[in-house]
Amino acid sequence: MIFMNGFHPFHILSYSPAPIMTSFSVFIQVIFLVNWFSSGKLSFLMFSTILTVLCLFMWWRDVVRESLFQGSHTLRVVKGLQMGMVLFIISEVMFFFSLFFALFFYALNPDVYSLGGMFPPLGINVVGWSGVPFLNSILLLSSGASITWAHYEILSGCKDSSLKAILLTVVLGMVFLMVQVMEYKECSFTLADSVFGSLFFTMTGLHGLHVFIGVSFIVVVMIRLKMNHMSELHHFGFEAAAWYWHFVDVVWLLLYICLYWWLS
């Protein structure tokens, strides 16, 4: 396609050290994560995590500048960013699919030697569906409704109302995490208690990590909205955070149905 006077709607990226630096920092973080598993030393893992966060901050700061000050995010570019976010969420779906596959594999075919022919194994008191998990479901579904409210207010041009809705979403997400930690403390089994314990803490823990990432994502969006970085016509950063948050909601519903209600 030929454009007049050399102008085109695409964004030609300039050279940046952020991708390679982020790759190396994540690689170092994985190494220190394994070291933490084997030695119990948390200091190196914390250092690598801070390094990764700084690299990501530098990278996303440049993306914000390209959108806000340079005007590089045209409609064509935004469509590409939307497709990238969709593909990222699909990759997360595949990640959780593998965990659900493992859950159903052991639940429908319990091993006689390691599970005693039943799942959950005899002697493990599973967490009931009507207590803390039900409260967490209400919290997370309410946060999904509040972030939808925030999106509606942004489209309507009501900045103050959208900030209140986003703040409510953040509060509900943080309360969810606190309640999840309380549930872990009161659990009668641990990560080392058979395959069920490993799957339970892996699935709920990774979901909790995604909730924490989503809350951080929404906090950044709230700060940017407060600084007038978004409008009713240009707010893809918020849309990406909302899509991610709805994905977290759906995963929790599946966890609640399969891990708490079905197995209890």
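Into which domains is the protein chain divided? In this predicted model, the chain is split into domain 1, residues 13–72, and domain 2, residues 75–261. Select each range and give each its own colour. The C-alpha centres of domain 1 and domain 2 lie 23 Å apart.

**Where the domains meet**

Next, display the residues at the boundary. Domain 1 puts four residues into the contact, and domain 2 also puts in four residues. The area buried between domain 1 and domain 2 is about 340 Å². Carbon and sulfur atoms give 57% of that area.

Now select Val64, Ser67 and Leu68 in domain 1. These residues lose the most area to domain 2, together 80% of what the domain 1 side buries. By class, the side of domain 1 that touches domain 2 holds two nonpolar and two polar residues, and no charged residues.

How many salt bridges are counted between domain 1 and domain 2? The count is zero. For residue pairs in polar contact, with both residues at pLDDT 80 or more, the count between the two domains is also zero.

**Along the chain**

Turn to the annotated segments. An unreviewed UniProt entry places the feature "transmembrane region" at residues 12–36, 42–60, 81–106, 126–150, 162–179, 199–223 and 243–263.

Select residues 42–60, one of these ranges. This stretch is 95% helix and 0% strand, and its end C-alpha atoms are 27 Å apart.

Then select residues 126–150, another range in the UniProt list. Here the chain is 76% helix and 0% strand. The C-alpha atoms at the two ends of 126–150 are 37 Å apart.

Definitions and conventions: Residues are numbered from 1 along each chain as its sequence is written. This is a predicted model: local features need pLDDT of at least 70, side-chain atom pairs count only at pLDDT 80 or more; totals for chains, interfaces and linings use all residues. Side-chain values use heavy atoms; hydrogens and water are left out. Domain bounds come from an automatic or database domain assignment. Contact means heavy atoms within 4.5 Å. Buried area is the accessible area (1.4 Å probe) that two parts lose on being put together, summed over both. A salt bridge is a side-chain nitrogen of Lys or Arg within 4 Å of a carboxyl oxygen of Asp or Glu. A polar contact is a pair of N or O atoms within 3.5 Å; within protein, one must be able to donate a hydrogen and the other to accept it, and residues adjacent in sequence count only if both atoms are side-chain atoms. Ala, Val, Leu, Ile, Met, Phe, Trp, Tyr, Cys and Pro count as nonpolar, Asp, Glu, Lys and Arg as charged, and the others, Gly among them, as polar. UniProt positions are given in the numbering used here, feature names are shortened, and annotations may be inferred rather than shown by experiment. Helices (H or I, at least four residues) and strands (E, at least two) are DSSP runs, numbered from the N terminus.
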